[in-house]
Amino acid sequence: MLRWPLFVAPAIALSAGSAVAEGLYIAGGGGSSVLADSDTTFTDNTGSTSGTVEFSIGYAADGAIGWDFGTFKTEIEAGYSSNEADGSDDAVNFIDLGVNAYYAPRFDNYRPYVGAGAGWTFVDVEENDVSLLQNETENVPHLKFISGFDFNITDQLSAGLNYKF
């Protein structure tokens, strides 16, 4: 079994109403995905090969629907990210579903926040050529930590940057 430490580098996020008013909001975002190098062993009928797989910077996208209580907010989020192994067409894809909670105080036109989330990740490894990766699918629980800030564009739209680990 492989372990896939993942963090999403700063991402641009657009939210309808999340930095502006209390109540229901819808958010979406996209950015880069950085996957840590993975030490792995490939075993087949000819023996075993060990090594480290390095990954290129990939992409990530997510969407959420939530409720803003004022200083706190909660949401249900779905996301997708993909990273290719360096020097091959092999890829690791992640689909995650989870819930997040934030502490998000409001200031005049901006809103910093910190939060945490928990959920489930579906990992799909696509082996497209000979490498240390094997076709594999896993379903694993996840925890994440989130920080960032939003700033108001209009009365009903905000944009910001966030970091998820």
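Which residues form a nonpolar patch on the surface? The patch consists of Leu24, Ile26, Ile65, Trp67, Phe69, Phe72, Ile76, Val99, Tyr103 and Val114, which together have about 1000 Å² of accessible area.

## Basis of the model

This is a predicted model, in which local features need pLDDT of at least 70 and side-chain atom pairs count only at pLDDT 80 or more, while totals for chains, interfaces and linings use all residues. Residues are numbered from 1 along each chain as its sequence is written, and side-chain values use heavy atoms, with hydrogens and water left out.

## Overall fold

The protein has zero helices and 10 strands, and along the sequence it follows the pattern β-β-β-β-β-β-β-β-β-β. Helices (H or I, at least four residues) and strands (E, at least two) are DSSP runs, numbered from the N terminus. Of the 165 residues in the protein, 40% are buried; here buried means under 20% relative accessible area, exposed means over 50%, and partly exposed lies in between (1.4 Å probe, protein chains only).

## Surface patches

The elements that give two or more residues to the nonpolar patch are E2, strand E5 (58–68), E6 and E7. One of the patch residues, Ile76, lies in strand E6 and is exposed, with a relative accessible area of 56%. Patches are made of residues with over 30% relative accessible area and no salt bridge, with like charges joined within 9 Å and nonpolar side chains (Val, Leu, Ile, Met, Phe, Trp, Tyr) joined within 5 Å. The accessible areas come from the Shrake-Rupley method with a 1.4 Å probe, and for residues only the protein chains shown count as cover.

A negative surface patch is formed by Asp37, Asp39, Glu54 and Asp86. Asp and Glu count as negative and Lys and Arg as positive, whereas His and the chain ends are not counted; the place of a charge is taken as NZ of Lys, CZ of Arg, CG of Asp or CD of Glu. Within this patch, Asp86 lies in the loop between strand E6 (72–84) and strand E7 (91–103), and Asp86 is partly exposed, at a relative accessible area of 39%.

## Nonpolar cores

The largest nonpolar core has eight residues, namely Leu35, Val53, Phe55, Ala85, Val92, Phe94, Val123 and Val125. The elements that give two or more residues to this core are E7 and strand E8 (110–126). Apart from it lies another core, of six residues, including Tyr25, Tyr102, Tyr113 and Ile146. A nonpolar core is a set of buried Ala, Val, Leu, Ile, Met, Phe, Trp, Tyr and Cys residues joined through side-chain atoms within 4.5 Å. In soluble globular proteins, nonpolar side chains tend to be buried together.

## Salt bridges

The structure holds six salt bridges, a salt bridge being a side-chain nitrogen of Lys or Arg within 4 Å of a carboxyl oxygen of Asp or Glu. In one of them, Arg106 pairs with Asp68, and the closest N and O atoms are 2.9 Å apart. Because Arg106 lies in the loop between E7 and E8 and Asp68 in strand E5, the pair ties together parts that are 38 residues apart in sequence. Arg106 is partly exposed, at 29% relative accessibility, whereas Asp68 is buried, with a relative accessible area of 1%.

Asp62, Glu77, Asp96, Lys144 and Lys164 are linked in a network of salt bridges. Glu77 forms a salt bridge with Lys144, the closest N and O atoms being 2.3 Å apart, and this pair links distant parts of the chain, with Glu77 in strand E6 and Lys144 in strand E9 (residues 136–152), 67 residues apart. Glu77 also meets Lys164 in a salt bridge of 2.4 Å, N to O; Lys164 is in strand E10 (residues 158–164), and 87 residues separate this pair along the chain. Glu77 counts as buried at 4% relative accessibility, and Lys164 counts as buried at 9%.

## Two glycines in strand E2

Gly30 is found in strand E2 and counts as partly exposed at 30% relative accessibility. The C-alpha atoms of Gly30 and Gly79, which are 49 residues apart along the chain, are separated by 9.4 Å.

Gly31 also has its place in strand E2 (residues 23–35), where Gly31 counts as partly exposed at 27% relative accessibility. Gly31 and Leu161 are 130 residues apart in sequence and 9.5 Å apart in space, C-alpha to C-alpha.
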